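Hi everyone, thanks for coming. Please pull up the sequence and the structure, and let's walk through them together.

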Amino acid sequence: MKTLKLIPILLLLILSSCSSVTVYSDYDKTVDFAPYKTYAFFKPGIDKVEISDLDKRRILHAIDAEMQAKGLTKSENPDLLVNIFTKSREQVNVNQFSAGWGYGWGWGWNPWMMYGGNQTTVSTSTEGTLYIDLIDAKKKEMIWQGEGQGTLTRNIDKKDQKIAEFVNKILAQYPPAKK
């Protein structure tokens, strides 16, 4: 009976470990992050990002939601400036499958080879990286950077969800835990 109770927990752990976004972060260890309460987007940096305006807005909306969930407020006179940067690259995956059955008995023609053979499939996907930089607005110094890598989608119905997943997982590491 105890094992039946553990199965849902085990499944949850397996599913959560299969995340499609890998995240990293780096920060200035001398900075106290507690005083930072307000933020604004760093427009000159965001304007240089080479993605569609639609995707840019999706990212900024997701960042807004995460920052506000952390208790930060958007301000004209911010403590933090938020900048983003993106990279992408095409991945080409080639898979070969051999269904040959071998040579069978003796020499000559083998009826089993008719059903064997090789099959090659080629698929492409886009691997994307999103960087979120947090800059001290007064000092004009980067104090924290988060990076998320994962497979992107072109499916318009899943774009909002995928971008929100990237941003959520990246900003889950902000502020850094005190050691």
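Let me begin with a question: in which strand is F85 found? F85 is found in strand 4. Please keep in mind that what you see is a predicted model.

Let's stay with F85 for a moment. Is F85 buried or partly exposed? With a relative accessible area of 44%, F85 is partly exposed. If we set aside the neighbours within four places in sequence, F85 is in contact with V49, T129, L130 and Y131. Now find E50 on your screens: F85 and E50 are 35 residues apart in sequence, and their C-alpha atoms are 8.5 Å apart in space.

Now a step back to the whole chain. How many helices and strands does the protein chain have? There are 4 helices and 6 strands. Going along the sequence, the pattern reads α-β-β-α-α-β-β-β-β-α. The chain has 179 residues, and buried residues make up 32% of them. Take the contacts with a separation of 6 or more: 74% of them are between residues 24 or more positions apart.

How confident is the predictor? The pLDDT of the protein chain averages 83, and 75% of the residues score at least 70. Please look at residues 3-17, though, where pLDDT stays under 50. For that stretch the model has 0 contacts beyond four places in sequence.

Back to the partners of F85. One of them was T129, and T129 has its place in strand 5, which covers residues 118-136. T129 counts as buried because its relative accessible area is 12%, and the cut-off for buried is under 20%. Beyond its neighbours within four places in sequence, T129 is in contact with F85, T86, K87, E147, G148 and Q149.

Now let's go along strand 5 to another residue, L134, which is also found there. Is L134 buried or exposed? L134 counts as buried, at 0% relative accessibility. Which residues does L134 touch, not counting those up to four places away in sequence? They are M67, L80, L81, V82, E141, M142, I143, W144 and Y174. You can also look for G146, which is 12 residues from L134 along the chain, with 8.6 Å between the two C-alpha atoms.

Next come the loops. D79 lies in the loop between strand 3 (73-74) and strand 4 (80-98). You might expect a loop residue to be exposed, but D79 counts as buried, at 18% relative accessibility. Leaving out residues up to four places away in sequence, D79 touches P35, Y36, K37, T38, I135, D136, A137 and K138.

Compare K140, in the loop between strand 5 and strand 6 (141-151). K140 is exposed, with a relative accessible area of 60%. K140 also has a positive phi, about 60 degrees, although this residue is not a glycine.

Now please find F41, in strand 2 (residues 38-41). F41 counts as buried, at 19% relative accessibility. Apart from neighbours within four places in sequence, F41 is in contact with I46, L60, I63, D64, K74 and V82. For F41 and I63, the separation is 22 residues in sequence and 9.6 Å from C-alpha to C-alpha.

That brings us to the helices. How do helix 3 (residues 53-69) and helix 4 (residues 156-171) cross? Their axes come within 9 Å and cross at roughly 45 degrees. That angle makes helix 3 oblique to helix 4. The crossing is right-handed. On the helix 3 side, the contact is made by D55, R58, I59, A62, I63, E66 and M67. On the helix 4 side, the residues are I156, K159, D160, I163, A164, V167, N168 and L171. The residues of this contact divide into 9 nonpolar, 1 polar and 5 charged. Two of these names should ring a bell: I63 is a partner of F41, and M67 is a partner of L134.

One last stop. P175 lies in the segment after helix 4. What kind of peptide bond joins Y174 and P175? A cis peptide bond, with omega at about -10 degrees. Y174 is also among the residues that L134 touches.

That's my tour, and I'm happy to go back to any view you like.

Notes. Residues numbered from 1 in each chain as written. Predicted model: local features only at pLDDT ≥ 70, side-chain atom pairs only at ≥ 80, totals over all residues. Heavy atoms only, no water. pLDDT = per-residue confidence, 0-100. Contact = heavy atoms within 4.5 Å. Helix = DSSP H or I, 4+ residues; strand = E, 2+ residues; numbered from the N terminus. Buried < 20%, exposed > 50% of the residue type's maximum accessible area, 1.4 Å probe, protein only. Axes fitted to C-alpha atoms, helices over the stretch in contact; angles between N-to-C directions. Parallel < 35°, antiparallel > 145°, perpendicular 65-115°, else oblique. Left-handed = near helix turned anticlockwise from the far one by under 90°. Nonpolar A, V, L, I, M, F, W, Y, C, P; charged D, E, K, R; others polar.
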